[in-house]
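Thanks for coming. I will go through one chain today, starting with the overall picture and then taking the parts in turn.

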Amino acid sequence: MGTGDQVYLLNLHSMKWSRVDGVGPDSAIHGMSVVGGLHLAACWGVYNPSGPGTVRRVTNARFLLHRTTDETGSNVRAYSIEVDPSKPNREVVTSLTGVYTSQDSGESWRRLNDLPEEEFRSAHFNSDGTILVSGIAGTFLVNPFSEACSPHLKIRQ
């Protein structure tokens, strides 16, 4: 359960809540996934699992912050984070500035530049590895992990 700036886990055996360590102040948790451990999408960043009951903020990501200045950093306003149940090393983050994917458990990220320059709010992995992303500009089916799509997907430097 996310509460503004903290996250709690319910132990189903003891029926007691415990606070997740590693969540920063003013995180404003927007979304979470528990596939392969706890992943969090927050107002000013992304968190990946670092151990039982703990998460760490992704700080090595070069997310696009401002389209007009091309300023980059890890302070992305993330709305959702999804993890591929069939390949948990694959993640997708939707955000104020677009859609970002990782195929190495969040160690490196790339922006899907062939989508409209809009805000995206949700993502869903299909069983075939494609991703349904939805936001202000509409809903799109993307396949960022396919070699067939690589000429159409550009990595933002």
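This is a predicted model, so please keep that in mind throughout. I will start in the middle of a sheet. Strand β15 covers residues 131–135 and runs antiparallel to β16, with five bridges joining the two. One of the pairings to look at is Ser134, whose bridge partner in β16 is Thr139.

On its other side, β15 is joined to β14, again by five bridges and again antiparallel. Here Ala123 stands opposite Val133 in β15. The hairpin of β14 and β15 has five residues between the strands, and Gly129 takes a positive phi near 90° there.

Put together, that gives an open sheet of three strands in the order β14-β15-β16, with antiparallel pairing. Its edge strands are β14, residues 120–125, and β16, residues 138–142, each of which pairs on one side only. From one strand to the next, the twist averages 20°.

Now some background on the whole chain. The chain has 16 strands and zero helices. Of its 157 residues, 41% are buried. The accessible surface comes to about 8,300 Å², and carbon and sulfur atoms account for 52% of that. As for contacts between residues at least 6 apart in sequence, 38% of them join residues at least 24 apart.

On to the second sheet I want to show. What is the strand order in the open sheet of four strands? The order is β10-β11-β12-β13, and the pairing is antiparallel. The edges are taken by β10, residues 78–83, and β13, residues 110–111; each has a single partner strand, so one side of each is left without a neighbour in the sheet.

Let me walk through the pairs from β11 onwards. Strand β11, residues 91–95, pairs with β12 in the antiparallel sense over five bridges. The connection is a hairpin, which passes from β11 to β12 through two residues. Next to that hairpin question is the pairing of Ser95, whose bridge partner in β12 is Gly98.

Strand β12, residues 98–102, is joined to β13 by two bridges, and these strands also run antiparallel. In that pairing Thr101 stands opposite Arg110, and Tyr100 has Arg111 as its bridge partner in β13.

Why is β12 described as largely enclosed by the rest of the structure? The reason is that five of the five residues of β12 are buried.

Next, the aromatic side chains. How many aromatic pairs does a search of the whole structure find? It finds two. I will show the pair of Phe125 and Phe145: the ring centres are 6.4 Å apart and the planes are at 15°, so the pair is stacked. This pair links distant parts of the chain, with Phe125 in strand β14 and Phe145 in the segment after β16, 20 residues apart.

Are these two residues buried or exposed? Phe125 has 7% relative accessibility and so counts as buried. Phe145, at 11% relative accessibility, also counts as buried.

Another ring to point out is that of Tyr79. The charged end of Arg121 sits over this ring, 3.9 Å from its centre.

The last residue on my list is Tyr47, which lies in strand β6, residues 45–51. Its relative accessibility is 4%, and the cut-off for buried is under 20%, so Tyr47 counts as buried.

What is Tyr47 in contact with, leaving aside its neighbours within four places in sequence? On the earlier side of the sequence, the contacts include Gly22, Val23, Gly24, Ser27, Leu38, His39, Leu40 and Ala42. Also among them are Val55, Arg56, Arg57 and Ile81. Taking Ser27 as one of these, Tyr47 and Ser27 are 20 residues apart in sequence, and their C-alpha atoms are 9.9 Å apart in space.

To recap, we have looked at an open sheet of three strands, an open sheet of four strands, the stacked pair of Phe125 and Phe145, and the buried residue Tyr47. That is what I have for today.

Methods: Residues are numbered from 1 along each chain as its sequence is written. This is a predicted model: local features need pLDDT of at least 70, side-chain atom pairs count only at pLDDT 80 or more; totals for chains, interfaces and linings use all residues. Side-chain values use heavy atoms; hydrogens and water are left out. Two strands pair if DSSP finds at least two bridges between them. Axes are lines fitted to C-alpha atoms, for helices over the stretch in contact, and angles run from 0 to 180 degrees between N-to-C directions. Buried means under 20% relative accessible area, exposed over 50%, partly exposed in between (1.4 Å probe, protein chains only). Contact means heavy atoms within 4.5 Å. Accessible areas come from the Shrake-Rupley method with a 1.4 Å probe; for residues, only the protein chains shown count as cover. Rings of Phe, Tyr and Trp (its six-membered ring) pair if their centres lie within 6.5 Å; planes under 30 degrees apart count as stacked, over 60 as edge-to-face and the rest as tilted. A charge sits over a ring if NZ of Lys or CZ of Arg is within 6 Å of the ring centre and within 35 degrees of the ring normal.
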